[in-house]
Amino acid sequence: MEYPKLAPFPTNFLWGSASAAYQIEGAYQAEGKGLSVWDQFVRIPGKTFKETNGDVAVDHFHRYREDVALMAKAGLKAYRFSISWPRVLPTGRGTVNEAGIKFYSQLIDELLANHIEPIVTIYHWDLPQALQDEYGGWESRQIVDDFTAYAQLLFERFGDRVSHWVTLNEQNVFITHGYLTAEHPPAVMDAKRTYQANHMANLANASAIKLFHEKGYQGGIGPSFAYSPTYALDANPVNQVAADNAEQLSADLWLDVYAWGRYPALVMTYLKNQGIAPEVTEADQALLSDPLAHPDFMGMNYYQTNTVTANSLEDGVGLTKQNTSGKKGTSQASGVPGAYKTAENPYMQQTDWDWNIDPEGLRIALRRIESRYHLPVLITENGLGAYDTLETDGEIHDTYRIAFLKAHVQAIQEAITDGVRVIGYTTWSFTDLLSWTNGYQKRYGFVYVDRDETDEKELNRYPKDSFYWYQKVIQSNGEII
C-alpha cells in the first residue's frame, strides 16, 4: 500500500532501547549471584569470539545510574532490560537473594525517577546453572513450575512499578542454538531433545502468563520472538512451497502456540514422520489452549528476512553455523533437507555478519502478525551490529546506523498506517555490550563503551551520532526521522 500521507505515531508510543542482563551487567559473582549456564558455557574453548565472556561485560551493575542518566539525556520513554534469574534466585528456586532484588528495585526506581518506563524481560537466556545440573534445565517438566515461581516472585516484588512484561526472549533462538546447533548452552545437537525442550519452554511461557492473568497483576505480558519473515527467491512454485515450509517451521511453530495454543498441523506431521515430535499430554494441551495463557501483545525482535529455495531431501543442505567472526561473505547456505535452504537475495545488502538489511521486511513482519494473530506488537529489538570507530575527539560517526534505523522507523510508521497496532520500539541496544558469541567488536549501541575483547580499559561511555539522532526522533514523536 502507498499512502499520500502516513499516520502519526500514537501519542503514548514507547520510544526506547533494550539490553540483556548477561550482556551488560558483569558482576557475575557479586553479592550472592549464582552462576548461569552462560557463565559456564563461555569457558568452553572455541565457543565465543576470542574466548570472550560476560564476567565484567560493560559493568552496568555498578554503573546503572550513569547509564540511566544517559537514557534520560536521550529522552527514552522506555527501557527494556532483563532480570538475571540466578541473581535473584542463585539456585533457580528456594532462597531469594535480597541483594539481587535490591539491585533491580533500585534500577526500576531510577528509571521511573527519570520518566522512563521499565519493560522487564523475565528470561533472556541466563538459566541458573544449578537447574541445568539438577534436571537438565529446559528438558525437564520441573522447569515449568520453577519458571512460574520465579516469574511470580518478580510480579510480586516489581509488579507495582512495571506495566509491560516479556516472558521468554527469543525462545526460537535459545532452543535451536542450544539443542540443535550447539552454538549456545547446553551445546547439544539432538533434534528430538530440541523439540521436547521447546515444548517445555512453551508450557513455562503459558504457565507464567496464565498466573499473571489469574492474579490480576497490572499491565500486559507476552513473549518476544525473533521473527525473520521468509521470501521465496522467485515465482517458481517449488520455491514458493519452500518459503511456506520455512515460515511454518521457523515462525508458525512458535507464534501459533503463543497466540492460539496449538502446533501447526504441517509442522507436527513433519516432526512425527521424523520421529522427533514432542510428547504433548492432554494436560499440556489444556494449558496451552487456556485463553488466560495467551499473551496481551506479541513481542517481536526483528533484524532481517530470509530468502529460500527448494532443498533436495537426498543431498540437500543442512543447518550451518552463523558468522560470528564479522568477516563479510563467510556464511554458507543453511536449511532443512526436503523443506528449504537459504539463498542470496539480489535486492539486499548485508551487514559484516551477513545479515540481510531489509527495512521493508519489518513492515511485512508487523502486518503478518496483525493479520494472523490480531495482537498488538511491541518491537522489543531492532538494530545494526557494526564496527564503530572512536575518534580522537571522543565522537563516533555512525551514519550507517542512523540510515538503518531511519529506514526501519519509517517501515513502522507505514505499518501503523496499514492498521497494525504497534505499542513501542525498543532498539537493540542502548549501550554497546557483549554480543553473545560475537564478542565486543559487534557494536549495536547508541552509546559507545570503550573496551574490546582483550582489554576492559576504563569502560568509558561516549554517545554516538545515532544517540543524538534518536533524541530528535523521540522529541518529535517520529515526525523527524
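This report describes the nonpolar cores and two individual residues, S84 and E479, of a predicted model.

## Nonpolar cores

The largest nonpolar core comprises 142 residues. Within this core, the members that touch the most others are W138, F147, W165, M300, L366 and I412. For L366, once residues up to four places away in sequence are set aside, the residues touched are M300, V377, I379, I412, A415, V420 and V422. Two of these partners, M300 and I412, are themselves listed with L366 among the members of the core that touch the most others.

A second core, separate from the largest one, contains 6 residues. Its members include I119, V166, F297 and L378.

## Environment of S84

S84 is located in the loop that connects β2 (78-82) with α4 (85-88). The relative accessible area of S84 is 1%, so the residue is classed as buried, the limit being under 20%.

The side chain of S84 forms a polar contact of 3.3 Å with the side chain of D126. Apart from neighbours within four places in sequence, the residues in contact with S84 are A21, E25, K33, Y104, D126 and Y150. D126 thus appears both in this contact list and as the side-chain polar partner of S84.

## Position of E479

E479 belongs to the segment that follows α15 (465-475). The relative accessibility of E479 is 74%; because this value lies over 50%, the residue counts as exposed.

With respect to N12, E479 is separated by 467 residues in sequence. In space, the C-alpha atoms of E479 and N12 are 14 Å apart.

Technical notes:
Residues are numbered from 1 along each chain as its sequence is written. This is a predicted model: local features need pLDDT of at least 70, side-chain atom pairs count only at pLDDT 80 or more; totals for chains, interfaces and linings use all residues. Side-chain values use heavy atoms; hydrogens and water are left out. A nonpolar core is a set of buried Ala, Val, Leu, Ile, Met, Phe, Trp, Tyr and Cys residues joined through side-chain atoms within 4.5 Å. Buried means under 20% relative accessible area, exposed over 50%, partly exposed in between (1.4 Å probe, protein chains only). Contact means heavy atoms within 4.5 Å. Helices (H or I, at least four residues) and strands (E, at least two) are DSSP runs, numbered from the N terminus. A polar contact is a pair of N or O atoms within 3.5 Å; within protein, one must be able to donate a hydrogen and the other to accept it, and residues adjacent in sequence count only if both atoms are side-chain atoms.
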